[in-house]
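Student: Could you walk me through how the helices pack in this one?
Tutor: Gladly; let us have it in view before we begin.

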Amino acid sequence: MHKEITLADQILNFNNELSNKTLALPKGYKVINPFASVQKDRVRAVTRAFYKKYYNDMQTRRLIVGSSPARRGTAVTGIPFEDALHLQEETGINIDGFYVNRSSSNFLYDVMNEYGGCKKFYSHFYMNFVCPLGIVKINEKGNEVNCNYYENKVLKNSLHSFIVSSLIKQIKFGL
C-alpha cells in the first residue's frame with residue numbers, strides 16, 4: 001500500500017535540503033541559514049513541532065510569499081513571519097535567544113484572528129519567502145544588515161535559479 005507524504009513532512013524535507021545549501025553570493029553578502037546554523041537542532045525541533053501541529057495532513061493550501069527572511073527573524077527560527085513568543089506558545093519549545101520583529105508578527109496574528117484563528121488560517125495557507133534563506137549585507141563598518149534578494153542586480157541574478165527551483169519545489173507540495 002502506497003503511503004502519501006504529509007505536507008508537514010514535505011516542508012520539513014525541503015528545510016532539511018536547505019541545511020545543505022550553499023550559495024555563491026557577490027562579495028559583501030552572506031547567507032543566514034537557520035537549518036545549518038549553530039542552533040540548527042533547536043530550529044529543527046521548533047519547525048518540526050510547528051509544522052506537525054498545523055500541516056500534518058495532505059490538504060491543499062494557498063501559498064503566501066514574502067521577499068526574504070530577516071536576519072534575526074525567520075533566518076534564525078525557521079518559521080516564516082512568526083515571532084519567538086508566539087512560536088514558544090504554539091510549540092511549547094523554549095525559544096529564548098531568538099528575536100523576531102514583533103510588529104510584523106503582531107500584524108500576522110491580527111490577520112489570523114480575523115480569519116478565525118491560527119488553526120483555521122494555517123489549514124488554508126502556507127507561508128514562506130521568495131528567497132527562503134536569509135541574506136545579509138556586510139556594511140562599511142563590518143556589521144551585518146538585513147538585505148532582500150532584489151536590492152542588488154548582481155545579487156538577484158546570483159540567486160535567480162535557487163529562487164525559481166525553491167518556489168517550484170514548494171508549489172509541488174500541493175500549493
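Tutor: One convention comes before the numbers: axes are lines fitted to C-alpha atoms, for helices over the stretch in contact, and angles run from 0 to 180 degrees between N-to-C directions. Please also keep in mind that this is a predicted model.
Student: OK, so at what angle do α2 and α4 pack?
Tutor: The angle between α2 and α4 is about 65 degrees, and their axes lie 9 Å apart; the crossing of the two is left-handed.
Student: Which residues make that contact?
Tutor: From α2 there are Val 46, Ala 49, Phe 50, Lys 53 and Tyr 54, and these meet Leu 87, Glu 90 and Thr 91 of α4. By class, the residues of this contact of α2 with α4 comprise 5 nonpolar, 1 polar and 2 charged.
Student: And which residues of α4 are buried?
Tutor: In α4, which spans residues 84-91, the buried ones are Ala 84, His 86, Leu 87, Glu 90 and Thr 91. Viewed down the axis of α4, they fall within an arc of 160 degrees, so they line one face of the helix.
Student: What comes just after α4?
Tutor: Gly 92 does, with a positive phi of about 75 degrees.
Student: Switching topic, how do α1 and α2 pack?
Tutor: Helix α1 (residues 7-19) packs on helix α2 (residues 40-54) at an angle of about 160 degrees, with axes 9 Å apart, which means that α1 is roughly antiparallel to α2. Their crossing is right-handed, and the contact includes Ile 11 and Leu 12 of α1 together with Arg 44 and Tyr 51 of α2.
Student: What's the mix of residues in the contact of α1 with α2?
Tutor: They divide into 4 nonpolar, 4 polar and 4 charged.

Methods: Residues are numbered from 1 along each chain as its sequence is written. This is a predicted model: local features need pLDDT of at least 70, side-chain atom pairs count only at pLDDT 80 or more; totals for chains, interfaces and linings use all residues. Side-chain values use heavy atoms; hydrogens and water are left out. Helices (H or I, at least four residues) and strands (E, at least two) are DSSP runs, numbered from the N terminus. Angles under 35 degrees count as roughly parallel, over 145 as roughly antiparallel, 65 to 115 as roughly perpendicular and the rest as oblique. A crossing is left-handed if the near helix is turned anticlockwise from the far one by less than a right angle, and right-handed if clockwise. Contact means heavy atoms within 4.5 Å. Ala, Val, Leu, Ile, Met, Phe, Trp, Tyr, Cys and Pro count as nonpolar, Asp, Glu, Lys and Arg as charged, and the others, Gly among them, as polar. Buried means under 20% relative accessible area, exposed over 50%, partly exposed in between (1.4 Å probe, protein chains only). The arc is that of the directions from the helix axis to the C-beta atoms.
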